[in-house]
Amino acid sequence: MAKAKGVRIIINLECTECRTNVDKRSPGVNRYTTTKNRRNTTARLELKKFCPHCNRHTVHKEIK
């Protein structure tokens, strides 16, 4: 028998301002890893997290 996929999946969150902002503290893109419940949260996740490259709290969106 095949094992069923779990409900919780691992996702990556990427800073939205690192891609567009040229005047930031250091080059690079900040990413966080977290999990989400695929049944309860079907849309892409957006959280406000600290970005060390921008040196402030910014919106981080879920990427593939």
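**Exercise 1. Locate Ala 43 and describe its surroundings in this predicted model.**

Solution. Begin with the position along the chain: Ala 43 belongs to the loop that connects β2 and β3. The model in which this loop is examined is a predicted one. Next, list what Ala 43 touches once neighbours within four places in sequence are set aside, and the contacts that remain are Lys 36 and Glu 62. Finally, compare sequence with space for the second of these partners: Ala 43 and Glu 62 are separated by 19 residues in sequence, while their C-alpha atoms lie 9.4 Å apart.

**Exercise 2. Work out the order of the elements along the chain, and then the order of the strands in the sheet.**

Solution. The protein chain holds one helix and four strands, and, read from the N terminus, these elements follow the pattern β-α-β-β-β. In the sheet the four strands take the order β2-β1-β4-β3, the sheet being open and its pairing antiparallel. The strands at the edges are β2, covering 31-37, and β3, covering 46-51, each of which has a pairing on one side only. On average, and with direction ignored, neighbouring strands of this sheet are turned by 45° against each other.

As background to the pairing, strands of a sheet are joined through backbone hydrogen bonds, in either a parallel or an antiparallel manner.

**Exercise 3. Go through the sheet pair by pair, giving the number of bridges and examples of facing residues.**

Solution. Step one takes β1, residues 8-15, with β2: seven bridges connect them in the antiparallel sense, and within this pairing Ile 11 has Thr 34 of β2 as its bridge partner.

Step two takes β1 with β4, which run antiparallel and are joined by four bridges. Here Leu 13 stands opposite Glu 62 of β4, whereas Glu 14 has Lys 61 of β4 as its bridge partner. Glu 62 is also the residue that Ala 43 contacts from the loop between β2 and β3.

Step three takes β3 with β4, residues 56-63, an antiparallel pair held over six bridges. Lys 48 is matched with Val 59 in β4, and Lys 49 with Thr 58 in β4. The hairpin formed by β3 and β4 has four residues between its strands, and one residue in that hairpin, Asn 55, adopts a positive phi near 65°.

**Exercise 4. Is Asn 30 buried or exposed, and which residues does it touch?**

Solution. First place the residue: Asn 30 lies in the loop that runs between α1, residues 17-20, and β2. Then apply the cut-off for burial, which is a relative accessible area under 20%; Asn 30 has a value of 10% and is therefore buried. Beyond the four nearest places in sequence, its contacts include Leu 13, Glu 14 and Cys 15, together with Cys 18, Phe 50, Cys 51 and His 60. With His 60 there is also a polar contact between the side chains, at 3.4 Å. For the chain taken as a whole, 23% of the 64 residues count as buried.

**Exercise 5. Contrast Arg 19 with Asn 30.**

Solution. Arg 19 is part of helix α1. Since exposure requires a relative accessible area over 50%, Arg 19 counts as exposed because its relative accessibility is 52%, whereas Asn 30 is buried at 10%. In sequence the two residues are 11 apart, and from C-alpha to C-alpha they are 9.5 Å apart.

**Exercise 6. Examine the aromatic rings and the share of long-range contacts.**

Solution. Counting pairs of aromatic rings gives zero. A ring does, however, meet a charge: the charged end of Lys 49 sits over the ring of Tyr 32, at 4.7 Å from its centre. Lys 49 is the residue already met as the bridge partner of Thr 58 in β4. As a last step, consider contacts in the protein chain with a separation of 6 or more, of which 51% come from residues 24 or more positions apart.

Notes: Residues numbered from 1 in each chain as written. Predicted model: local features only at pLDDT ≥ 70, side-chain atom pairs only at ≥ 80, totals over all residues. Heavy atoms only, no water. Pairing = 2+ DSSP bridges. Helix = DSSP H or I, 4+ residues; strand = E, 2+ residues; numbered from the N terminus. Axes fitted to C-alpha atoms, helices over the stretch in contact; angles between N-to-C directions. Buried < 20%, exposed > 50% of the residue type's maximum accessible area, 1.4 Å probe, protein only. Polar contact = N/O pair within 3.5 Å; in protein donor to acceptor, adjacent residues only side chain to side chain. Contact = heavy atoms within 4.5 Å. Phe/Tyr/Trp six-rings, centres within 6.5 Å; stacked < 30°, edge-to-face > 60°. Lys NZ or Arg CZ within 6 Å of the ring centre and 35° of its normal.
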